[in-house]
Amino acid sequence: MSTTYSFTKLVVDDLEKMSAFYQDVYGLKAFDRIQAEIGVDPIDEIMLGVDSAHGPGSIMLLKFVDKSAPTPGAVILGFQTDDLEALVDRVVANGGSVHAEIKTSDVAPVKVAFTVDPEGNQAECIQTLT
C-alpha cells in the first residue's frame, strides 16, 4: 500500500477574498468549487492549484457556512519562488503583511521571509540561492 501527501485545506472566514488573495499573490488557479457537508456542518470550498485542483501544490480554501474560522497559526503554508522580493511585495499589495523580513538562512542555501494573509494565516516563502 502506498500513501502520498496530496493537498492542504485552509479554513477561512471570507472565502471569496481569500481565494482572490491566493490567486493574485501565488499564481494559483481556481479549478473547482463545491458546496457540501462535513458531518452536519455545511461547507463552501474553492480548490486552487497550479496545474489541477488535486496533487502537489494544491490548496483547498474551506468555509464552514455556519461557523467562524479557527484562530490562525495552526498551519504555516510553504511557497517557493524565484523572486522573493516580488512575492513579498505582492503579499503586501494584496492586503497581507510581513511577519519576518527577508533574510538569508544560516542553515540552508535559501532566502526566507514569513508573510501573513489578510486573515492572519502564515506562509514561509523561500527562494533557493544558486
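## How the labels on this predicted model are earned

Q: What makes one face of strand β1 (residues 7-11) covered and the other uncovered?
A: On the covered face sit T8 and L10, while F7, K9 and V11 make up the uncovered one. A strand here is a DSSP run of E with at least two residues, a helix is a run of H or I with at least four, and both are numbered from the N terminus. A friendly note on the source: this is a predicted model, where local features need pLDDT of at least 70, side-chain atom pairs count only at pLDDT 80 or more, and totals for chains, interfaces and linings use all residues. Residues are numbered from 1 along each chain as its sequence is written, and side-chain values use heavy atoms, with hydrogens and water left out.

Q: How do you know that β1 pairs with strand β4 (residues 58-64)?
A: Two strands pair if DSSP finds at least two bridges between them. Five bridges join β1 to β4, and the two run parallel. Within this pair, F7 stands opposite S58, and L10 stands opposite L61.

Q: Why are β1 and β2 (29-38) called edge strands?
A: The open sheet has four strands in the order β1-β4-β3-β2, with mixed pairing. Each of β1 and β2 pairs on one side only. From one strand to the next, the twist averages 25°.

Q: How do you know that the span of helix α1 (residues 15-26) agrees with what is expected?
A: The expected span is 1.5 Å times one less than the number of residues. For the twelve residues of α1 that gives 16 Å, and the end C-alpha atoms are 16 Å apart, so the two agree.

Q: What makes the buried residues of α1 line one face of the helix?
A: Buried means under 20% relative accessible area, exposed over 50%, and partly exposed in between (1.4 Å probe, protein chains only). L15, M18, S19, F21, Y22, V25 and Y26 are buried in α1. Seen down the axis, they fall within an arc of 160° (taken from the directions from the helix axis to the C-beta atoms), so they line one face. After α1 comes G27, whose phi is positive, near 70°.

Q: Why is K17 called partly exposed?
A: K17, which belongs to α1, has a relative accessible area of 47%. That value lies between the two cut-offs, so K17 is partly exposed. The C-alpha atoms of K17 and E119 are separated by 9.5 Å, though the two residues are 102 apart along the chain.

Terms used
Axes fitted to C-alpha atoms, helices over the stretch in contact; angles between N-to-C directions.
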